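Subject: Structure for you to look at

Hello,

Here is the structure I said I would pass on. My notes on it follow below the display.

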Amino acid sequence: MMAGGIFLKREEKTKLTRERIITAAIEEFGTKGYAAASINNVCDKGIAKGLIYHNFENKDALYLKCLEICFHELTEALRETAEQGDFHVYITARAAFFKQNKNMAGMVVESLVHPPQKHMEVIAVMRKQYDEMNLRIFEKILDSNHLRDGIDSEGATNYFLMLQNMFNWYFTSPSLGGGGVDSVAQAHEDILPKMIDYMFYGILKEEDAP
């Protein structure tokens, strides 16, 4: 019994240690970005370097684990809202999640707009459920509304994916990076609802459209 109790305590201690490391690392990556973040800075938050390397092979392994957790937490938090098929409700819920989890917002948005090149394939797999959830919302909206003449679901979906990629690419501009990863994430989330509104409803009144 004693041996089992000791084993459980060690498991719990290991779990708590990993959680401390991950929380500190998400703050580091979420405010400074992948390139500028460092293990030494994580250590400055009161975590011994030996503990970090005992649990994670290197900075890349720590980064990918943190990002995996961020996407999982975000997807799970929005899953129920996403099923409603209302982009405005979804974006409001997403904004609330990021407001409560600003460091996660920094990590997620950076991975969407400027992922580390050597990890792009892994990140693509990691965000698969998140991307599929966004696409399902869009398809639900298409199914419950009427498309303009000459526009079919396939064309509308391709348009949505193209705009999504263009929107994210816009935030790779060096002029937007001066305030840090967290400020880029904030700008991304501030503008996103407007872009969605423009996408669905256009920018001209129907009677003024050419």
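Leu204 is a reasonable place to begin: this residue is partly exposed, at a relative accessible area of 48%. Please bear in mind throughout that the model is predicted. Leu204 lies in the segment that comes after α10, the helix of residues 181–201. Together with Met195, Tyr198 and Ile203, Leu204 makes up a nonpolar patch on the surface, and the four have about 410 Å² of accessible area together.

Overall layout

The protein chain has ten helices and zero strands. In sequence order the pattern is therefore α-α-α-α-α-α-α-α-α-α. Along the principal axes, the C-alpha atoms occupy a box of roughly 75 × 45 × 30 Å. Of the 210 residues in the chain, 36% are buried.

Helix α10

The helix before Leu204 has some details of its own. α10 has 21 residues, which at 1.5 Å a residue should span 30 Å, and the C-alpha atoms at its ends are indeed 30 Å apart. The helix nevertheless has a bend of about 30° at Leu192, with a proline, Pro193, following within four residues. Leu192 is also one of the buried residues of α10; the others are Val181, Val184, Ala185, His188, Glu189, Ile196 and Met199. After the helix comes Gly202, which has a positive phi, near 75°.

Helix α6

α6 covers residues 102–113, twelve in number. From first to last C-alpha the helix reaches 16 Å, close to the 16 Å expected at 1.5 Å a residue. How many of its twelve residues are buried? Ten are, so the helix is largely enclosed by the rest of the structure. The buried residues are Met104, Ala105, Gly106, Met107, Val108, Val109, Glu110, Ser111, Leu112 and Val113. A glutamate, Glu110, is thus on the buried list of α6, as Glu189 is on that of α10.

Salt bridges

There are nine salt bridges in the structure. I describe three of them here.

Lys45 and Glu27 are joined by their side chains, with 3.8 Å from N to O. This pair links distant parts of the chain: Lys45 sits in the loop between α2 (39–43) and α3 (49–55), while Glu27 belongs to helix α1 (residues 2–36), 18 residues apart. Both partners are partly exposed, Lys45 with a relative accessible area of 34% and Glu27 with 35%. The C-alpha atom of Lys45 is also 9.3 Å from that of Ala25, a residue 20 positions away along the chain.

Lys32 and Glu28 form another salt bridge, in which the closest N and O atoms are 3.3 Å apart. Both are in helix α1, and because they are four residues apart, about one helical turn separates them. Are the two partners buried or exposed to some degree? Lys32 is partly exposed, with a relative accessible area of 40%, whereas Glu28 counts as buried at 1% relative accessibility.

The third pair is Asp131 and Arg127, whose side chains meet at 2.9 Å, N to O. Asp131 is partly exposed, with a relative accessible area of 25%. Arg127, at 15% relative accessibility, counts as buried.

Cysteines

How many disulfides does a search of the whole structure find? The search finds zero. For Cys43, the closest cysteine sulfur is that of Cys66, 13 Å away, which is too far for a bond. Cys66 is in no disulfide either: its nearest cysteine sulfur, in Cys70, is 6.7 Å away, and the cut-off for a disulfide is 2.5 Å between the sulfur atoms. Cys43 counts as buried at 17% relative accessibility. Cys66 is buried too, with a relative accessible area of 0%.

That is what I have for now.

Regards

How values were computed
Residues numbered from 1 in each chain as written. Predicted model: local features only at pLDDT ≥ 70, side-chain atom pairs only at ≥ 80, totals over all residues. Heavy atoms only, no water. Helix = DSSP H or I, 4+ residues; strand = E, 2+ residues; numbered from the N terminus. Expected span 1.5 Å × (residues − 1). Buried < 20%, exposed > 50% of the residue type's maximum accessible area, 1.4 Å probe, protein only. Patch = residues over 30% accessible without salt bridge, like charges linked within 9 Å, V, L, I, M, F, W, Y side chains within 5 Å. Areas by Shrake-Rupley, 256 points an atom, 1.4 Å probe, with all protein chains shown as cover. Bend = angle between axes of the 7 residues up to and from the residue.
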